[in-house]
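Here's a structure to walk through together. Pull it up in your viewer and follow along, one residue at a time.

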Amino acid sequence: MNFFDKFKKKKPKFAPCITPIIFVIDKSNSVPQEQFELTAASIIQTCKSFSFAEIEVAIFEFSSFANCVTKQLVAPYKATTSRFVIDSEANFNELFNTLNNALSDKQLFIKAGVYKTPIICFITNGITNISYSESLDCLKKNPLFDSANKIAITIGNTYNSKTINDIVGDCGKAIHLNSVNEFKPKLNEAFASEGIKIIPQVCPSQSFSISQDENGYYIPKQASYQASVPISPVPTASTR
């Protein structure tokens with residue numbers, strides 16, 4: 001560094017303003033295996049279409065118990081789901097307690113950064129015989145959950161609308177699909193309505209198949225096409 005360098009004005013660095021997207025996937029015995037597999041693969045495909053400079057994702061799964069598969073918020077290309085195991089009915093009480101803990105102890109938000117309002121997307125038919133009112137009331141008192149934009153997607157003819165309405169409340173979105181084949185376009189549509197950028201694909205109708213890695217995680221086979229537009233740049237002070 002010479003004498004004049006220390007007088008040069010340094011340009012401030014701005015971190016991207018990140019939107020957290022939390023997926024919550026029902027894998028209880030009321031969900032057919034094929035539906036879970038196609039839903040999980042569609043979620044991963046959608047994550048890979050996000051403008052990753054602006055998005056971080058976390059994936060929760062639940063049946064008789066609940067857990068965060070990604071452990072924390074991760075870049076969209078790191079999104080993954082677990083193998084399908086036939087389990088008992090959905091325990092929403094366990095799910096709501098797990099979500100509340102994750103949102104309360106900064107389990108998800110371990111990195112420093114500026115975050116926008118979270119989006120929480122539930123994929124469930126809402127069928128359960130286990131009471132959940134007390135744990136849901138506690139979850140709704142959580143500021144992050146209360147402020148989040150909530151979406152619930154049901155698939156097929158069998159679902160419990162009361163549970164779905166309890167989850168999303170008056171301000172959330174409840175979307176019903178007749179077939180799992182409608183899931184991916186409707187998911188993209190729901191995110192677009194929330195201002196989430198989906199990178200266009202050269203072949204958006206291209207089908208994909210599902211395989212498992214060495215740990216049993218479901219992954220779609222890599223697509224043979226690339227994005228037709230560049231990824232959006234990190235926001236700067238002048239573009240916010």
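Let's start at Lys173, which, leaving out residues up to four places away in sequence, touches Lys150, Ile151, Ala152, Val168, Ala190, Ser193 and Glu194. One thing to keep in mind as you look around: this is a predicted model. Lys173 lies in strand S7, and its relative accessibility of 31% puts it in the partly exposed class. There's a long-range neighbour to look at as well: the C-alpha atoms of Lys173 and Cys121 are separated by 9.4 Å, though the two residues are 52 apart along the chain.

Glu194, from that contact list, deserves a second look. Its side chain and that of Lys173 meet in a salt bridge, at 3.4 Å from N to O. Which parts of the chain does this pair tie together? Glu194 lies in the loop between helix H6 (183-193) and strand S8 (210-212), while Lys173 sits in strand S7 (residues 173-177), so the bridge links parts that are 21 residues apart in sequence. Glu194 is partly exposed, with a relative accessible area of 25%.

In general, side chains of opposite charge can pair when their charged atoms come close. The count for this model comes to four salt bridges, and two others of them are worth a visit here. Lys162 and Asp166 make one, with their side chains meeting at 2.8 Å, N to O. These two residues are four apart in helix H5 (residues 161-168), so about one helical turn separates them. Lys162 counts as exposed, at 53% relative accessibility.

The other is in helix H6, where the side chains of Glu189 and Lys186 meet at 3.8 Å, N to O. That distance still qualifies because the cut-off for a salt bridge is 4 Å. Being three residues apart in helix H6, Glu189 and Lys186 are again about one helical turn from each other. Glu189 is partly exposed at 49%, and Lys186 is partly exposed too, at 32%.

Stay on helix H6 and find Lys184, which has its place there. With a relative accessibility of 21%, Lys184 counts as partly exposed, because the buried class needs a value under 20%. Which distance separates the C-alpha atoms of Lys184 and Ile43? They are 7.4 Å apart in space, while the residues are 141 apart along the chain.

Lys184 also turns up among the contacts of Thr46. Thr46 has its place in helix H1. Is Thr46 buried or exposed? It's buried, with a relative accessible area of 1%. Setting aside neighbours within four places in sequence, Thr46 is in contact with Lys184, Leu187, Asn188 and Phe191.

Helix H1 also leads us to some empty space. Rolling a probe the size of a water molecule over the atoms shows where empty space is left. Here, the structure holds one cavity of 30 Å³ or more, and the largest cavity has a volume of about 70 Å³. Residues lining the largest cavity include Ile25, Asp26, Val31, Phe36, Thr39, Asn125 and Ile155. Strand S1 (17-26), helix H1 (33-47) and strand S6 (149-155) are the elements that give two or more residues to that lining. By class, the lining has six nonpolar, five polar and one charged residues.

Next, a quick stop at the backbone of Lys71. Its phi is near 75°, a positive value in a residue other than glycine. Lys71 lies in the loop between strand S3 (66-68) and helix H2 (92-104), and at 59% relative accessibility it counts as exposed.

Now zoom out to the whole chain. How many helices and strands does the chain have? There are six helices and nine strands. Buried residues make up 45% of the 240 residues in the chain. The accessible surface comes to about 12900 Å², with 52% of it belonging to carbon and sulfur atoms. As for contacts, take those between residues at least 6 apart in sequence: 77% of them join residues at least 24 apart.

How values were computed
Residues numbered from 1 in each chain as written. Predicted model: local features only at pLDDT ≥ 70, side-chain atom pairs only at ≥ 80, totals over all residues. Heavy atoms only, no water. Buried < 20%, exposed > 50% of the residue type's maximum accessible area, 1.4 Å probe, protein only. 1 Å grid on protein atoms, 1.4 Å probe; cavity = no way out; pocket = protein on both sides within 12 Å on 5 of 7 lines; lining within 4 Å. Points joined across faces, edges and corners; volume = space filled by probe spheres on them. Nonpolar A, V, L, I, M, F, W, Y, C, P; charged D, E, K, R; others polar. Contact = heavy atoms within 4.5 Å. Areas by Shrake-Rupley, 256 points an atom, 1.4 Å probe, with all protein chains shown as cover.
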